[in-house]
Amino acid sequence: MSAHDATPTRHAQHGLYPEARTVQDFERNLAAVQARIEAACRRAGRDAAGVRLLPVSKTQPADCLRLAHSAGCRMLGENKVQEAHGKWQALQDLGDLQWSVIGHLQTNKAKLVARFASEFQALDSLRLAEALDRRLQAEGRSLDVFVQVNTSGEASKYGLAPEDAAAFIRALPAFPALRLRGLMTLALFSSDAERVRQCFVRLRLLRERLRQDQAAGLALDELSMGMSGDFEIAIEEGATVVRVGQAIFGARALPDSHYWPGEAGT
Ligand SMILES: *Cc1c(COP(=O)(O)O)cnc(C)c1O
């Protein structure tokens, strides 16, 4: 047993996340999340500067995103590309707001991502890598990418099987507009903290194996893992990016099964 085995998930509190309707609400929620990040880092003996908070604004109207920007958010995560693209268009006047697409992408929508996103966290096929690279080159842009790995073994989750990641990553240098930053995963959605932790451990161990794979010769610095209900556990296991929506924007009306079909929602 390590010192932090007892860190629980907070999925049961989903309905309790306060809605943010003013800049002050966002400042309060962001400060509360940042305090939780710092506490988790202290427990894990980590420097909080090594954990980036990515606020996730999916389902929220553009006006809310504007408030989040006023409260200091400079990059927002969205899991559906068309929704993200619409908000990008509506918020062009902000100038310094960047976009991270964190959800599964169909190859035929690569063009949209290439147009406006700075980061894409759900890369899981070479067909998609090829389409993104081609569209990015046409736009004269490049994109930070994370390879999504399925660490829960659930058939409903997108992402590569861990054993397929090494070959996949070795093929990525063929797509020069994609800058590989690291790995991303969604843990099992469960109140069983130990099983959630195992997903994060799997991603960390996979990165260690991949780093030893000299043929890849790539940095793989980032581990994007953890959301409102489980980011403290993810930080304890090495997360460098946490994707947090509800704890910043307020509880979503729809259950998570709406975004990730097949989830048990326990
Ligand atoms: C919605 C979402 C999150 C954030 O979940 P919250 O419960 O709102 O914190 C994280 N990652 C992905 C891929 C998402 O779609």
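User: Leaving aside neighbours within four places in sequence, which residues is Leu 183 in contact with?

Analyst: In this predicted model, the residues in contact with Leu 183 include Phe 146, Val 147, Val 149, Ile 169, Leu 203, Leu 206, Leu 210, Leu 220 and Leu 223, together with Arg 207, Glu 222 and Ser 224. Leu 183 is also, with Phe 120, Leu 123 and Leu 132, one of the residues with the most contacts inside the largest nonpolar core, which has 75 residues. A second, separate core has 7 residues, among them Leu 54, Val 56, Phe 146 and Met 184.

User: How do you know whether Cys 73 is in a disulfide?

Analyst: The test asks for two cysteine sulfur atoms within 2.5 Å. For Cys 73 the nearest cysteine sulfur belongs to Cys 64 and is 11 Å away, and Cys 73 is accordingly in no disulfide. By the same rule, the count comes to 0 disulfides.

User: Why is Cys 73 called buried or exposed, and what of Cys 199?

Analyst: The cut-off for buried is under 20% relative accessible area. Cys 73 counts as buried because its relative accessibility is 5%, and Cys 199 counts as buried because its value is 2%.

User: What makes the length of α5 agree with that expected of a helix?

Analyst: Helix α5 runs over residues 126-139, and its 14 residues, at 1.5 Å a residue, should span 20 Å; the C-alpha atoms at its ends are 20 Å apart, so the two values agree. Within α5, the buried residues are Leu 128, Ala 129, Ala 131, Leu 132, Asp 133 and Leu 136, and what covers them includes α4 (110-116), β4 (119-123), β5 (143-148) and β6 (178-184). Just after the helix, Gly 140 takes a positive phi of about 70°.

User: Why is Arg 36 called buried or exposed?

Analyst: Arg 36, whose place is in helix α1 (residues 23-44), has 14% relative accessibility and therefore counts as buried. Apart from neighbours within four places in sequence, Arg 36 is in contact with Arg 10, Tyr 17, Ser 228, Phe 231, Glu 232 and Ala 247.

User: What makes the pairing of Ser 228 with the ligand a polar contact?

Analyst: The limit for such a pair of N or O atoms is 3.5 Å, and a polar side-chain atom of Ser 228 lies 2.5 Å from an oxygen atom of the ligand, which means that the pair qualifies. A ligand oxygen is also 2.8 Å from a polar backbone atom of Gln 246, and one is 2.7 Å from an N or O atom in the side chain of Arg 252. Ser 228, Gln 246 and Arg 252 are, with Lys 58 and Gly 245, those that come nearest of the 13 residues around the ligand.

Note on methods
Residues numbered from 1 in each chain as written. Predicted model: local features only at pLDDT ≥ 70, side-chain atom pairs only at ≥ 80, totals over all residues. Heavy atoms only, no water. Core = buried A, V, L, I, M, F, W, Y, C linked by side-chain atoms within 4.5 Å. Buried < 20%, exposed > 50% of the residue type's maximum accessible area, 1.4 Å probe, protein only. Contact = heavy atoms within 4.5 Å. Helix = DSSP H or I, 4+ residues; strand = E, 2+ residues; numbered from the N terminus. Expected span 1.5 Å × (residues − 1). Near = heavy atom within 4 Å. Polar contact = N/O pair within 3.5 Å; in protein donor to acceptor, adjacent residues only side chain to side chain.
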